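User: Please take a close look at the aromatic rings of this model and at what they pair with or border. I would welcome one connected account.

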Amino acid sequence: MADELVIILDFGGQYKELIARRVRECGVFSRILPGNTSTDEIKALRPVGLILTGGPDSVYSSGASACDTGIFELGIPVLGICYGMHLMAHLLGGIVSSCDKSEYGLVDIRFDTSSRIFKNINETGTVLMNHTDRVCTMSEDFKITAATQLCPISAFEDEKRNLFGVQFHPEVENTPDGTKIISNFLYNVCNAKGGYSLDNWLNTQIEEIRSKVGSGRVLLGLSGGVDSSVCAALLAKAIPGQLTCIYVDHGLMRKNETEEIRAAFQGRELDLVCVDARERFLSKLAGVTDPETKRKIIGREFVLTFQDEAEKHGNAEYLAQGTIYPDVVESGVNSAVIKSHHNVGGLPEDLRFKGIIEPLRSLFKDEVRKIGELLGLPAAIVNRQPFPGPGLAIRVIGEVTAQKLDILREADAIVRQEIMSAGENADQYFAILTNTKSVGVMGDGRTYEYMVAIRAVVTKDFMTCEVARLPWDLLTKISSRIVNEVRGINRVVYDITSKPPATIEWE
């Protein structure tokens, strides 16, 4: 895999993770680095290709994001996407300016199929455009390879130096031939061999875990969710007999979840310890309303609980976590902080473990599920809906109390039960207990109770999502059941916001 690395230089584009996923789907390992990564750093990593992402800046503006110009002299093929194309043109003698009329959404385009990146695709097609700037002139080394009605230079290339740019977004599903274009770049330009697969990744990761841990013991927080479960299965395979899984019942789980987790892992090759820490967590969360503070408190209490348990179970040297790549991205490791994740933020400085084991840190959610399948986990676990580490604490808006959690648990169980029974196309769905109360009428009396929101989304990668278009009859049924069966709720609303601009979770 080291010989098959493609580096994605990030200039703040919202689709950078999709680019990384598409490259991996084409059989080449990818890694996202900041756009200003030095030429020497890039050269040391020996990538077979570079991809420059989109971004919100205008390249001609003061303080705009930029890359080291030396990357274009390394002899490594480069593909610039949207802002990445602008940056390439701007730094190599071209001119970029504001469009007379911007292009957004699907646009008809004509390709020069003699170009290596447009090989074996139709001469005409549609692409997703999303730009207010465009390349107006190019240096004489470049030629035009695609055009739309409003953007005469929709793609260009310097074939001699293996420099390519596209104004549109080939990484998104809305561009029908997008994956083929990325594949053409990887195999026709970068001459990649395609050695990356999850089978190879799994074998490599097992060896890395064994090398790092040696004969030491590992402590893992097992929530029963996809990420921690796959992490547990992977560690159990890599270091059998050295893993203790701690299931912390922090009182923030969904209805009947603790019982289901015990049943799911009973009899497996895991040393499973269940800890009742409900009072501990609720006491720490008392009076706390800020979501970031909630996350950090819960993350810290998890670690402190593990420390307490480590003294009882073999003095574990390592703490394992089910951190996956979207957690890292949203915690601001390579981008602006959207929200901290309990696995990558809020850890105390006096952490008493020798090290942290995060074997899934480089994987996207769909890759984690596939690893789970390869490890023989049951479909009920592998396909389980994502559940945040802080649990229902971030689905209770405002202060978290035992009463609020009980109300939310019942409402959430109805939402999940009805959507699942209806067989609707939704990848994640749950209830949120808002901190808003409203006036209602039940029977002959006035009520003043909580409002619950329903969130149901369709997504393939959990980095972006669209609202699930649930039938009105189903939503009406869910609403009726909640207000009739759950005391404390008199109003139900449906969240129809996509990601971006919203996140899937409310906090």
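Analyst: Lys 437 lies over the face of Tyr 450, at 4.8 Å from the ring centre. A charge counts as sitting over a ring if NZ of Lys or CZ of Arg is within 6 Å of the ring centre and within 35 degrees of the ring normal. The model is predicted: local features need pLDDT of at least 70 and side-chain atom pairs pLDDT 80 or more, while totals for chains, interfaces and linings use all residues. Residues are numbered from 1 along each chain as its sequence is written, and side-chain values use heavy atoms, with hydrogens and water left out.

A second charge of this kind belongs to Arg 254, whose charged end sits over the ring of Phe 387, 4.0 Å from its centre. Both Arg 254 and Phe 387 also line the second largest cavity, together with Ser 223, Gly 224, Gly 225, Met 253, Glu 257 and Arg 384. A cavity is a set of points on a 1 Å grid over the protein atoms alone where a 1.4 Å probe fits but cannot get out, and its lining residues have an atom within 4 Å of a point. The volume is the space filled by probe spheres set on the points, which are joined across faces, edges and corners; for this cavity it is about 30 Å³.

Turning to rings that meet other rings, the count comes to seven aromatic pairs. Rings of Phe, Tyr and Trp (its six-membered ring) pair if their centres lie within 6.5 Å, with planes under 30 degrees apart counted as stacked, over 60 as edge-to-face and the rest as tilted. Phe 29 and Tyr 196 form a tilted pair, because their centres are 5.3 Å apart and their planes stand at 55°. Phe 29 belongs to strand 2 (residues 29-34) and Tyr 196 to the loop between helix 4 (178-189) and helix 5 (198-213), so this pair ties together parts 167 residues apart in sequence. Helices (H or I, at least four residues) and strands (E, at least two) are DSSP runs, numbered from the N terminus. Phe 29 is buried, at a relative accessible area of 17%, and Tyr 196 is buried at 6%. Buried means under 20%, exposed over 50% and partly exposed in between (1.4 Å probe, protein chains only).

Phe 164 and Phe 185 have centres 6.4 Å apart and planes at 75°, so they are edge-to-face. Phe 164 lies in strand 9 (residues 163-166) and Phe 185 in helix 4, so the pair joins parts 21 residues apart in sequence. Phe 164 and Phe 185 are both buried. Finally, ring pairs link Phe 111, Phe 118 and Phe 168 into a cluster.

Note on methods: 1 Å grid on protein atoms, 1.4 Å probe; cavity = no way out; pocket = protein on both sides within 12 Å on 5 of 7 lines; lining within 4 Å.
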